[in-house]
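Got your viewer open? Let's walk through this one together, one selection at a time.

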Amino acid sequence: MSPRFEDLEPTADRMREMAKLATDRIIAHIESLPSQPASDIEGGYELARSLVEEAPQSGTDIEELVELVVDRLAAKSFMNAGPGFMAYIPGGGLFASALADFIADGINRYVTVWTAAPGLVQLEVNVIRWFCRMLGYPDEARGFLSSGGSLANFTALFTARRERLPENFLDGTIYVSTQVHHSVTRAATLAGFPESAVRSVLVDNDWCMRIDVLEETIAGDRLAGRAPFLIVGSVGTTNTGAVDDVSALADVADREQLWLHLDAAYGGFFALTERGRGRMAGIERADSITLDPHKGLFLPYGTGCLLVRDGGALKRAHTVQADYMPELQESPELVDFCEISPELSRDFRGLRVWLPIKMYGLDAFRSSLDEKLDLAEWALRELETIAGVEIIAPPQLSVVAFRLRPEGSTDREADRVNRRLLEMINAKKRVLLTGTVLDGVFALRICVLNFRTHLDRMELCLEDIRTSVADLRSLDGSEEIG
Ligand SMILES: Cc1ncc(COP(=O)(O)O)c(C=O)c1O
């Protein structure tokens with residue numbers, strides 16, 4: 001019989017049945033991850049087209065639907081939740097967070113206004129406070145969980161604009177390095193700036209923003225009557241994991257009275273480790289910091305974070321009065337997230353962060369991140385033993401970039417060889433790597449960040465690189481590769 005409106009409220013037994021069915025499938029899926037290909041997208045177009053349909057007027061059995069999603073559709077994808085995913089910036093997805101989402105959606109409370117669910121809001125406020133403590137921010141710092149790093153970067157830029165520029169802000173200029181994530185450039189456009197407002201500062205041999213060039217550019221802009229107001233530094237670039245000299249950026253920002261924002265979407269949680277914290281010394285001096293728990297804390301996608309050292313700035317930028325709203329809080333202890341962020345209604349993201357941190361403690365995350373730093377170092381040492389491999393960026397965190405340099409080849413020929421090498425490695429499907437263009441040349445990168453990636457998978461990765469280099473050499477007959 002086709003479902004009726006009463007079926008929108010299943011009986012207790014039916015809910016148990018439905019939940020068991022979904023959890024059984026998910027657990028089987030997670031258990032299968034190590035044996036799944038690192039990527040399987042062949043036939044993806046046909047699959048996608050086969051799913052196009054009108055909205056159904058009557059229902060379908062849930063078993064069939066869960067099977068479709070978890071078994072058939074998730075199978076045709078980058079396996080970014082699996083141990084072989086070392087492409088882009090890996091995610092992961094802790095099971096505890098999946099459960100937290102289930103609980104959060106199951107209770108479905110309104111957490112954007114303190115009065116509506118004080119205890120639940122406090123859990124999310126705690127999470128923000130833990131992050132502030134981790135980075136050395138003072139008690140008056142505030143922040144919120146966003147859907148991701150892009151939205152956090154946008155809100156930082158918007159807040160800096162509101163704090164540092166007049167209503168007519170079009171003379172404002174923003175300083176980023178050539179390696180900055182494109183979400184920052186897009187944030188400038190979204191915040192209303194013309195393209196020319198973003199100054200792209202050259203990097204040094206470590207892919208970090210050059211402080212001398214930054215200072216010269218600011219001075220030139222001041223002379224030209226522009227209004228410098230914001231520096232955006234990177235704590236872990238997407239390309240190479242480079243960490244800008246945060247203390248030097250903070251010195252320039254102090255001297256020039258500019259807002260300093262740090263995009264630590266990829267690198268920020270390495271602050272939990274001694275080595276990572278050492279690399280970002282001075283981070284607490286930034287006016288605002290973007291973090292992405294769905295990267296370095298291994299949470300499911302949809303969890304970013306913005307922290308602002310002077311929490312009042314977030315409130316000044318976002319508060320708008322509306323008569324139909326419930327009473328909002330004045331006490332600095334009690335946070336209404338809708339007053340310090342762009343969203344009103346939203347999901348209870350805090351629970352998916354709070355639950356795993358409470359269950360496992362920060363030590364578990366610290367040791368897993370330390371393992372990622374070790375694995376990237378290990379990969380570097382192994383790569384250095386492969387003849388013909390040139391290291392483009394040794395790991396500052398957990399990314400290593402490299403390429404083959406066939407003797408006597410032009411950059412263009414070398415690019416062709418390296419693109420082919422990437423295809424050959426990925427075709428084995430035990431790992432998925434991606435490439436990028438660094439200083440005009442194509443390089444491969446290994447980014448280790450999934451909590452499911454351990455030495456055994458890194459060994460497979462290096463084995464696949466070695467055999468692909470050897471196969472490429474015999475294919476091309478180009479002895480000069482190595
Ligand atoms: C350094 C950096 N900043 C910002 C972002 C954007 O974050 P999101 O994809 O969560 O919007 C990314 C994404 O990979 C990133 O690597």
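Is the crossing of α6 and α7 left-handed or right-handed? Keep in mind that you're looking at a predicted model, then select residues 149-164 for helix α6 and 182-190 for helix α7. Their axes come within 9 Å and cross at roughly 50°. That angle is neither under 35 degrees nor in the 65 to 115 range, so α6 counts as oblique to α7. And the answer to the opening puzzle: the crossing is right-handed.

Now show the side chains where the two helices touch. From α6, pick G149, S150, N153, F154 and L157; their partners in α7 are S183, V184, A187, A188 and L190. Sort this contact by type and you get 6 nonpolar residues, 4 polar and no charged.

Keep G149, S150 and S183 selected, because your next stop is the ligand. Those three belong to the set of residues surrounding the ligand. Add the others: I89, G148, H181, T238, D263, A265, Y266, D292 and G304. This shell splits into 3 nonpolar, 7 polar and 2 charged residues.

Next, jump to the open sheet of 4 strands, ordered β8-β9-β11-β10 with antiparallel pairing. Color β8 (389-393) and β10 (434-438): these are the edge strands, each pairing on one side only. On average, neighbouring strands here are turned by 40° against each other, ignoring direction. Zoom in on β8 and β9 (residues 399-404), which pair over 4 bridges, and find A393 with its bridge partner A401 in β9.

Last, add two helices. Helix α14 (362-384) lies across β8, β9 and β11, at about 15° to β9. Helix α15 (411-427) lies across β9, β10 and β11, at about 30° to β11.

Key
Residues are numbered from 1 along each chain as its sequence is written. This is a predicted model: local features need pLDDT of at least 70, side-chain atom pairs count only at pLDDT 80 or more; totals for chains, interfaces and linings use all residues. A residue is near a molecule or strand if its C-beta atom, placed from the backbone, lies within 6 Å of it. Ala, Val, Leu, Ile, Met, Phe, Trp, Tyr, Cys and Pro count as nonpolar, Asp, Glu, Lys and Arg as charged, and the others, Gly among them, as polar. Axes are lines fitted to C-alpha atoms, for helices over the stretch in contact, and angles run from 0 to 180 degrees between N-to-C directions. Angles under 35 degrees count as roughly parallel, over 145 as roughly antiparallel, 65 to 115 as roughly perpendicular and the rest as oblique. A crossing is left-handed if the near helix is turned anticlockwise from the far one by less than a right angle, and right-handed if clockwise. Two residues are in contact if their C-beta atoms, placed from the backbone, lie within 7 Å. Two strands pair if DSSP finds at least two bridges between them.
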